[in-house]
Amino acid sequence: MPDLLTHVLVAYVGVTLPRWRTDTLPAWAASVAMLGATLPDAAKAWILLDGTTVSAVLGVPFDWHALHRLGPALLVVAALALLVGREYRLRTAGLLAAGALSHFLLDLGVTRAAGVAPPYLYPLSWWHPPSANLYLSSDPWPLLLAAPVAATVFVLDRRRSDA
Amino acid sequence: MEDARRVLALALVATLLVASLVHYGAVADRHDIVQSSTAKLDHYHRHVGETVYLWATVTEVRAAGVVVTVEGHRLTVRGVTGDPDPGDVIQIHGTLKPGRVVEAERTVLSVRERRLPLYAVSAIGVLLALAAVARRWRLDRDSWTLQPRKGDDA
């Protein structure tokens, strides 16, 4: 993954730009997509609580990495969508899912020694998609690219709102 | 009625989510390339000659190779590119050789010094997303649901 801030900024730009062309996306759309872009990295919970510790406590196998896969990520999307008012639920789910999908797409760019990304399509498939090998998680340049673009979009969006 | 259905749906989704984490933990060793490679280290001698893809932590740099640990397994890696230091994370795609030596075909190094800035910037990303949600949504205490703030629901 690139850093989470890059993921969030890409989701912001990805929803705000189409909002300028269509009335179907509400003002809250970008905030939901931004949150969705963070969801797959809930798998990083292992940093705070190792999966083997959870496994020992529960007495069953357990792996946080599953949260960084399509199926479990969509379950998190469904859970969060259930927290909003009924009339907003479907659109919220769609925007959260779009944010999460943008996260997976960006993660395909991460450099991997084996040339393949993790099996993101779980539980549908264990296929390892090819990685584009563009950047390391710790490379600053994706953020240096995303930040000025997002800032420009933010300023233009404010101007449009004020007009 | 709506509340009861929502709680039931939430419980169902939460159950499925935990089940998927358990299922993944049970079967990833056989399917995920990194986890299946790591699992091979438990019976190293059986898998000598096989190709592996490992994520390891550098513990020592010697003339004979780079000493790494992968989930408690100590290995020597030959053919590492870059300039690793103890604490760095290294991806290794290579072949298991006798004597717990991995002959690397390709390695990718993530230096330790960049890890803290990565976490810090990522934390800012989470805070930014949460702030955006808080700015656009409010908690309706009658229905215990999140609702767009006034003027934001169009």
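## A:Tyr12 and its neighbours

Leaving out residues up to four places away in sequence, A:Tyr12 touches A:Ala30, A:Met34, A:Ala150, A:Val153, A:Phe154 and A:Asp157. The model is a predicted one. A:Tyr12 also belongs to the largest nonpolar core, which has 47 residues. Within that core, A:Tyr12, A:Leu67, B:Leu21 and B:Trp137 touch the most other members.

Many elements feed this core. From chain A, helices α1, α2, α4, α5 and α6 (141-162) each supply at least two residues. From chain B, α1 and α3 (115-136) each do so too. Another core lies apart from this one. The other core has 17 residues, among them B:Ala56, B:Leu75, B:Leu96 and B:Val102.

## Chain A as a whole

What is chain A built from, in helices and strands? The count is six helices and zero strands. From the N terminus on, the order reads α-α-α-α-α-α. Along the principal axes, the C-alpha atoms fill a box of roughly 60 × 40 × 30 Å.

Chain A has 163 residues, and 54% of them are buried. Take the contacts in chain A with a separation of 6 or more: residues 24 or more positions apart account for 60% of them. The chain exposes about 7,300 Å². Carbon and sulfur atoms supply 70% of that area. Chain A carries 11 positive and 10 negative charges, and the mean positions of the two sets are 9 Å apart.

## Helix α1 of chain A

Helix α1(A) has 16 residues. Its first and last C-alpha atoms are 23 Å apart, close to the 22 Å expected at 1.5 Å a residue. Buried residues in α1(A) include A:Leu4, A:Leu5, A:Val8, A:Leu9, A:Ala11, A:Tyr12 and A:Val13. A:Thr6, A:His7, A:Val15 and A:Thr16 are buried as well. Their cover includes α2, α5 and α6 of chain A, together with α3 of chain B.

A:Leu9 sits in this helix. Is A:Leu9 buried or exposed? A:Leu9 has a relative accessible area of 11%, so it counts as buried; the cut-off is under 20%. Not counting residues up to four places away in sequence, A:Leu9 touches A:Leu143, A:Ala146, A:Ala147, A:Ala150 and B:Leu128. A:Ala37 is 28 residues from A:Leu9 along the chain, and their C-alpha atoms are separated by 9.0 Å.

## A:Ser31 and chain B

A:Ser31 has its place in helix α2 of chain A. Its relative accessibility is 3%, so A:Ser31 counts as buried. What does A:Ser31 contact, leaving aside its neighbours within four places in sequence? The partners are B:Ala132, B:Val133, B:Arg136 and B:Trp137. B:Trp137 is also one of the residues that touch the most other members of the largest core.

## Helix α5 of chain A

Helix α5 of chain A covers residues 89-107, which is 19 residues. How far apart are its end C-alpha atoms? They are 27 Å apart. That agrees with expectation, because 19 residues at 1.5 Å a residue should span 27 Å.

Buried residues of α5(A) include A:Arg89, A:Thr92, A:Leu95, A:Leu96, A:Ala97 and A:Gly99. Further along, A:Ala100, A:Ser102, A:His103, A:Phe104 and A:Asp107 are buried too. Both chains help to cover them. Chain A provides α1 (4-19), α2 (29-38) and α4 (70-81), among the covering elements. From chain B, the cover includes α1 (2-31) and β6 (137-140).

Definitions and conventions:
Residues numbered from 1 in each chain as written. Chains lettered and ligands numbered in written order. Predicted model: local features only at pLDDT ≥ 70, side-chain atom pairs only at ≥ 80, totals over all residues. Heavy atoms only, no water. Helix = DSSP H or I, 4+ residues; strand = E, 2+ residues; numbered from the N terminus. Expected span 1.5 Å × (residues − 1). Buried < 20%, exposed > 50% of the residue type's maximum accessible area, 1.4 Å probe, protein only. Contact = heavy atoms within 4.5 Å. Areas by Shrake-Rupley, 256 points an atom, 1.4 Å probe, with all protein chains shown as cover. Lys, Arg positive; Asp, Glu negative; His and termini not counted. Charge placed at Lys NZ, Arg CZ, Asp CG, Glu CD. Core = buried A, V, L, I, M, F, W, Y, C linked by side-chain atoms within 4.5 Å.
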